[in-house]
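Work through these exercises with the model open in a viewer. Try each task before reading its solution.

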Amino acid sequence: MAWSLGRICKSVQRLGSLSSVQSQLSHPATSGSVRTMLGLPSSCFSKTRDFSLPNSSWGPEMMRLYKHYNSQCEVVMEGGVKQEGPWRRLPSYNRVLKYATGGVYLNKIIQSKARLFTRNTGDPGVAFEYVLFFNREEQRCVGIFQAGHLLEGPPGHVHGGATATMIDTVTGALALILSGPVVTANLNINYRKPIPLGSTVLLESSLDRKEGKKTFITSKVTSSDGSKLHTDTTALFVSISFSNLLLGS
Ligand SMILES: CCCCCCCC(=O)SCCNC(=O)CCNC(=O)[C@H](O)C(C)(C)COP(=O)(O)OP(=O)(O)OC[C@H]1O[C@@H](n2cnc3c(N)ncnc32)[C@H](O)[C@@H]1OP(=O)(O)O
C-alpha cells in the first residue's frame, strides 16, 4: 500500500481544524476578499483562476446582479474609510483538494484529472457560470447562475439535474459555512417552471434550523427580477468527519 493510514491522517490534519471553517470566514483578516472557499484552507486550492469573477460570457443580468451584491461586500463610511459590508463573495476554484497524492482512495489519474463538477470546463459561458455571496448576519447565501448551452434538458431549457446541481451548491455552501464539513443527505426539489437556457436566475438559500448533526436549509430559484418562481427546495445536510470522508469510512 503506497500510503499508510497514518500518512493519510496526517494529510487530513494538515487541512486544519473544523472550526477554521467558520472562523476564517468571520475573521476580519479576510476582509474584502474571502481567502477560503467554503472553509477549507486556501492552500488546498488551485489558485490559477477564480471562476467566480466576471468573464466575457456574462450577460447583462448576470453582471447586474453580480454588481448589486459585490457592491455590498465593502461599504465606504464617512471620511472614505472602507469597512466590510454585509455580503462576502465566495471565490471558486476548479479543484478542492491538492494535497492528496495518490494511495488507496485516489489513484494518480484521478488525483491529477479530478475537477469540481460545476467548474470542469475553462470555456466561458458554455455550462455553469455562477457566483455565490454569503451574508453572515442573515445566515443566507445567494447564487447568481447563468445557464450555458451545454446544460440543455427539455428543448431550450435547463436540465433538471443541472438545476439540482446548482441548488446543491448554494445550499451546500451555506451548510458548510454554518456547520463545517457536511454532505447532502436529502434534497427535495419542486420544479415549478422550466428555466430557459442562457438565462440568468437567482438562487437564494437560508438556514431553516440546526438539530445536532443536521442542518436544514431552504432554497428557491427565481428569475433574475424575482417575478417567476422556478423551484423551491428543502435540503438536509449531515455533519461528517472530513477525515472519515477521505478514508471512505
Ligand atoms: C463545493 C460546493 C458545495 C457543494 C455541496 C455538495 C454536497 C454534496 O453533493 S455531498 C455528495 C452527496 N451526498 C452524499 O454522498 C452523502 C451520502 N450519504 C452519507 O454519507 C450518509 O448517509 C450520511 C452522512 C448522510 C448520513 O449517515 P448516517 O450514518 O445515516 O448518519 P447518522 O449519524 O446516523 O444520522 C444523522 C441524522 O441524520 C438523519 N438522516 C441521515 N440521512 C438522512 C436522510 N437521507 N433523510 C433524513 N434524515 C437523514 C438520521 O436519521 C439522523 O437523525 P437523528 O440525529 O435525528 O437520529
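**Exercise 1. A non-glycine with positive phi**

Is Gln139 buried, partly exposed or exposed, and how many C-beta neighbours does Gln139 have inside 10 Å?

Solution. The model is predicted.
- Step 1: locate the residue. Gln139 sits in the loop between E4 and E5.
- Step 2: count. Gln139 has 16 C-beta neighbours inside 10 Å.
- Step 3: apply the cut-offs. A residue is buried at 20 or more and exposed at 12 or fewer. Gln139 has 16, so it counts as partly exposed.
- Step 4: check the backbone. Most residues other than glycine have a negative phi. Gln139 is not a glycine, yet its phi is positive, about 50 degrees.

**Exercise 2. Build the sheet**

Give the strand order of the open sheet and state how the strands pair.

Solution.
- Step 1: the order is E3-E4-E5-E7-E8-E9-E6, seven strands with antiparallel pairing.
- Step 2: find the edges. Strand E3 (87-90) and E6 each pair on one side only, which makes them the edge strands.
- Step 3: add the twist. From one strand to the next it averages 25 degrees.

**Exercise 3. Register of the pairs**

How many bridges join E3 to E4, E5 to E7, and E7 to E8? Name opposite residues in each pair.

Solution.
- Step 1: E3 and E4 (residues 128-135) share four bridges. Arg89 faces Phe133 in E4 across the pair. Arg88 stands opposite Phe134 in E4.
- Step 2: E5 (residues 140-147) and E7 (residues 200-211) are joined by seven bridges. Here Val142 stands opposite Glu204 in E7.
- Step 3: E7 and E8 (residues 214-223) have 10 bridges. Leu207 is opposite Ile217 in E8.
- Step 4: look at the turn. The hairpin of E7 and E8 has two residues between the strands. Gly212 in this hairpin takes a positive phi near 55 degrees.

**Exercise 4. Two faces of an edge strand**

Which residues of E3 lie on each side, and are they buried or exposed?

Solution.
- Step 1: recall the rule. In a regular strand the side chains alternate between the two faces of the sheet.
- Step 2: assign the residues. Trp87 and Arg89 are on one side of E3, Arg88 and Leu90 on the other.
- Step 3: read the burial. All four are buried, and both faces of E3 are covered.

**Exercise 5. Test a helix**

What span should H5 have, and what is the distance between its end C-alpha atoms?

Solution.
- Step 1: H5 has 20 residues, and at 1.5 Å a residue it should span 28 Å.
- Step 2: compare. The end C-alpha atoms of H5 are 27 Å apart, which agrees.
- Step 3: check burial. In H5, 15 of the 20 residues are buried, so the helix is mostly covered.
- Step 4: step past the end. Just after H5, Gly180 has a positive phi of about 80 degrees.

**Exercise 6. The ligand shell**

Which residues come nearest to the ligand, and which elements give two or more residues to its shell?

Solution.
- Step 1: 15 residues surround the ligand, and Gly172, Val183, Thr184, Ala185 and Val238 come nearest.
- Step 2: helix H5 (160-179), strand E6 (182-191) and strand E9 (229-239) each give two or more residues to the shell.
- Step 3: sort by class. The shell holds seven nonpolar, five polar and three charged residues.

**Exercise 7. Place the annotated span**

Where does UniProt place the thioesterase domain, and what is the secondary structure of the span?

Solution.
- Step 1: an unreviewed UniProt entry places "domain: Thioesterase" at residues 156-227.
- Step 2: residues 156-227 are 28% helix and 44% strand.
- Step 3: the end C-alpha atoms of this span lie 20 Å apart.

**Exercise 8. Sequence against space**

For Asp123, Arg140 and Thr218, state the burial. Then give a C-alpha distance to a partner for each.

Solution.
- Step 1: Asp123 lies in the loop between helix H4 (108-113) and E4. Asp123 is exposed because 9 other C-beta atoms lie within 10 Å. Ser57 is 66 residues from Asp123 in sequence and 9.3 Å away in space.
- Step 2: Arg140 belongs to strand E5. Arg140 is buried, with 20 other C-beta atoms within 10 Å. Arg140 and Glu204 are 64 residues apart in sequence and 7.3 Å apart in space.
- Step 3: Thr218 is in strand E8. Thr218 has 17 other C-beta atoms within 10 Å, so it is partly exposed. Thr218 and Gly59 are 159 residues apart along the chain, and 27 Å separates their C-alpha atoms.

Conventions. Residues numbered from 1 in each chain as written. Predicted model: local features only at pLDDT ≥ 70, side-chain atom pairs only at ≥ 80, totals over all residues. Near = placed C-beta within 6 Å. Nonpolar A, V, L, I, M, F, W, Y, C, P; charged D, E, K, R; others polar. UniProt positions renumbered as here; feature names shortened; annotations may be inferred. Expected span 1.5 Å × (residues − 1). Pairing = 2+ DSSP bridges. Axes fitted to C-alpha atoms, helices over the stretch in contact; angles between N-to-C directions.
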